[in-house]
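Work through the exercises below with the structure in view, trying each task before reading its solution.

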Amino acid sequence: QDAVNVETMRELASVFSSSGNMSEAEPLYSEAIRLRPNDWNTWSQRGVAHYSSQKYAQAEKDFQTVVTLASDSPAAHRNLGAVAMALGKFEEAEREFKTSATLAPTAAAYSNLGALYIYQGRYMDAIDVMKRAIHYSTAGYRKMHILWANLAEAYQYTPQQEAKAPDAYRHAIEEVEKQLAFAPNDPDLLSYAAVYWAK
């Protein structure tokens, strides 16, 4: 019975939080956690809700609990890395992103690590990592254009590598145009395409 209640509360809380109504979501998450404190899924969903609401300190506590309960979860470490980055804890973010990539080498894991390196101005490191992100991406990966754009940016700011940037941006344009073929009026995709063409 508790399991059913917890899942119902968690899903209802998720509906509230995704619509920006954290005042309704918060007590539901808390009650679900009280009933099943070792259910890492509820902690994770609350962490995502806190992160989306820019309540980073609370999200960090949630994701730390998730890592404690599910230390072998790549997503748990990736989420903790993301919130650490948002809080300016770059060494911790790097450690968590690397752990996530070690547990499961995916495009998302390496993309986050590459974004961190770009933010820190570590462009040579970012080149290697973004190449890995592209290598591990699967067919139809929706953020493929961002991977190529980040690689292009890393090339652009690396001496002796900047000549490779235009070709990487062309790949980014090709990828975003594949999505625009299905959603020609999508404002986000159009914005990305405009930036890539400008670059």
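**Exercise 1.** Find which residues Arg-46 touches, not counting residues up to four places away in sequence.

*Solution.* Start with the place of Arg-46, which lies in helix α3 (residues 40-52), where helices are DSSP runs of H or I with at least four residues, numbered from the N terminus. Next, apply the contact rule, heavy atoms within 4.5 Å: with residues up to four places away in sequence left out, Arg-46 touches Glu-26, Tyr-29, Ser-30, Ile-33 and Asp-62. Then take one of these partners, Glu-26, which is 20 residues from Arg-46 in sequence and 8.0 Å from it in space, C-alpha to C-alpha. Last, Arg-46 has a relative accessible area of 13% and is therefore buried (buried means under 20% relative accessible area, exposed over 50%, partly exposed in between, with a 1.4 Å probe and protein chains only).

The model is predicted, so local features need pLDDT of at least 70 and side-chain atom pairs count only at pLDDT 80 or more, while totals for chains, interfaces and linings use all residues. Residues are numbered from 1 along each chain as its sequence is written, and side-chain values use heavy atoms, with hydrogens and water left out.

**Exercise 2.** Decide how the rings of Tyr-110 and Tyr-136 are arranged: stacked or edge-to-face?

*Solution.* First recall the rule: rings of Phe, Tyr and Trp (its six-membered ring) pair if their centres lie within 6.5 Å, and planes under 30 degrees apart count as stacked, over 60 as edge-to-face and the rest as tilted. By this rule there are five aromatic pairs. In the pair of Tyr-110 and Tyr-136, the ring centres are 5.7 Å apart and the planes are at 15°, so the pair is stacked. The pair links distant parts of the chain, since Tyr-110 belongs to helix α7 (residues 107-119) and Tyr-136 to helix α8 (residues 123-136), 26 residues apart. As for accessibility, Tyr-110 counts as buried at 10%, whereas Tyr-136, at 34%, is partly exposed.

**Exercise 3.** Determine which helix supplies the largest share of the largest nonpolar core.

*Solution.* Such a core is a set of buried Ala, Val, Leu, Ile, Met, Phe, Trp, Tyr and Cys residues joined through side-chain atoms within 4.5 Å. The largest one has 35 residues, and those with the most contacts inside it are Leu-113, Leu-147, Trp-148, Leu-151, Tyr-155 and Tyr-196. Helices that each supply at least two residues of this core include α6 (90-103), α9 (144-156) and α10 (165-180). The answer is α9, from which eight residues of the core come, the largest share.
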